[in-house]
Each structure stands twice: as C-alpha cells, then as structure tokens.
Amino acid sequence: MVRTEEYEYEEEYEDEDEPEQTTMKRVFAADIKPDDPVDDIFRVVDFRLAPYRDEAKGNYLLLTLADRTGHVDARLWEGAADAAGWLNPGDTVHVIGRATLYQDRIRLRIESIEPAEDDEVELDQ
C-alpha cells in the first residue's frame, strides 16, 4: 500500500506485465569534461593492444569509443589482454572510469569494461 497526503492506494505489479526498462544514456562523449566520472554505454569503434614502455609489464589497451555525439579515446591498464580477447569493433560495452585531460584531449581511464546487455540501452537516447 502506498500512502500519500491525500489518499491511499494499493500497487499491484506483475513482473511479466511490466515493460522491460532500458537504461537512459547519462554521459555523452561530447559532454565529458576532465575528472568526470563515467559509468555508461558506448560503442567500440576500434581498439588495439600496445606495450608499456617497460615491455616486461605487458600491454595496455587503447580504445576509441563512440556514441551519437562523438568519439572519445580510452585506455584500459588492467586486464587489457583479457578484454582484447572478447572485444570486437562494433560491440556495445558498459564502461566505468574517469575522464582525464591528456595533450588537450579528453581520454577515459577505464576501471571496468564489460559487454552491455542487448536490451540495456540504445545509444541514440
């Protein structure tokens, strides 16, 4: 039962009757500013593994991510080889990280990247 100031009513929901909800995109590539937290969906345009300066440390992942407003460069420092194993250009991914400014350009430092659910979001929102 829900109580408001003026009246009471009962809410009844059947899981199967509720429409599937998609997540509205909150962070657009064109709007990202330095030090902004990012937790949103992007499309992978391109990616490649690159060696650390100290090649004994392995590789990191350079990515170009996009949405309807533009592109943003990104770096994944931890777990790069694993992510490179399942990523493909055109994939839609859920990215968590923080924006940095490097050589006067916005770049995302990715803390977490995973495949987005097919029904999670439409990038045109």
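Student: Which residues line the largest pocket?

Tutor: This is a predicted model, to be clear up front. The lining is made up of Pro51, Tyr52, Arg53, Tyr60, Arg75, Trp77, Tyr102 and Arg107.

Student: What's the volume of that pocket?

Tutor: About 160 Å³ for the largest pocket.

Student: And how does its lining split by class?

Tutor: You get 5 nonpolar and 3 charged residues, with no polar ones.

Student: Okay, rings. How many aromatic pairs are there?

Tutor: The count is 3 aromatic pairs. One of them is Tyr52 with Tyr60, a tilted pair at 5.5 Å centre to centre, with 55 degrees between the planes.

Student: What about Tyr60 and Trp77, and why is that pair called tilted?

Tutor: Their ring centres are 4.5 Å apart and the planes sit at 35 degrees, so the Tyr60 and Trp77 pair counts as tilted. The cut-offs are under 30 degrees for stacked and over 60 for edge-to-face.

Student: Where in the chain do those two sit?

Tutor: Tyr60 is in strand E4, while Trp77 is in the loop between E5 and H1. They are 17 residues apart, and the pair links distant parts of the chain. Ring pairs also join Tyr52, Tyr60 and Trp77 into a cluster.

Student: Is Tyr60 buried or exposed?

Tutor: Tyr60 counts as buried, because its relative accessibility is 17% and the cut-off for buried is under 20%. Trp77 has 26%, so Trp77 counts as partly exposed.

Student: Switching to the largest nonpolar core: which residues touch the most other members?

Tutor: The core has 22 residues, and the ones touching the most other members are Leu61, Leu63, Leu65, Leu87, Leu108, Ile110 and Ile113. Elements giving two or more residues to this core include strand E3 (37-51), strand E4 (59-67), helix H1 (80-86) and strand E7 (105-115). E3 gives the largest share, 4 residues.

Student: What does Leu61 touch?

Tutor: Leaving out residues up to four places away in sequence, Leu61 touches Phe47, Arg48, Leu49, Ala74, Arg75, Leu76, Ala80, Ala83, Ala84 and Leu87.

Student: Last topic, backbone. Which residue that is not a glycine has a positive phi of about 75 degrees?

Tutor: That's Asp35, found in the loop between strand E2 (8-9) and E3. Gln103 has a positive phi too, about 50 degrees, and is not a glycine either.

Student: Why flag those?

Tutor: Because most residues other than glycine have a negative phi.

Student: Where does Gln103 lie?

Tutor: Gln103 lies in the loop between E6 and E7. Gln103 is exposed, with a relative accessible area of 64%.

Terms used
Residues are numbered from 1 along each chain as its sequence is written. This is a predicted model: local features need pLDDT of at least 70, side-chain atom pairs count only at pLDDT 80 or more; totals for chains, interfaces and linings use all residues. Side-chain values use heavy atoms; hydrogens and water are left out. On a 1 Å grid over the protein atoms alone, a cavity is a set of points where a 1.4 Å probe fits but cannot get out, and a pocket is an open set with protein on both sides within 12 Å along at least five of seven lines; lining residues have an atom within 4 Å of a point. Grid points are joined across faces, edges and corners, and a volume is the space filled by probe spheres set on the points. Ala, Val, Leu, Ile, Met, Phe, Trp, Tyr, Cys and Pro count as nonpolar, Asp, Glu, Lys and Arg as charged, and the others, Gly among them, as polar. A nonpolar core is a set of buried Ala, Val, Leu, Ile, Met, Phe, Trp, Tyr and Cys residues joined through side-chain atoms within 4.5 Å. Buried means under 20% relative accessible area, exposed over 50%, partly exposed in between (1.4 Å probe, protein chains only). Contact means heavy atoms within 4.5 Å. Rings of Phe, Tyr and Trp (its six-membered ring) pair if their centres lie within 6.5 Å; planes under 30 degrees apart count as stacked, over 60 as edge-to-face and the rest as tilted.
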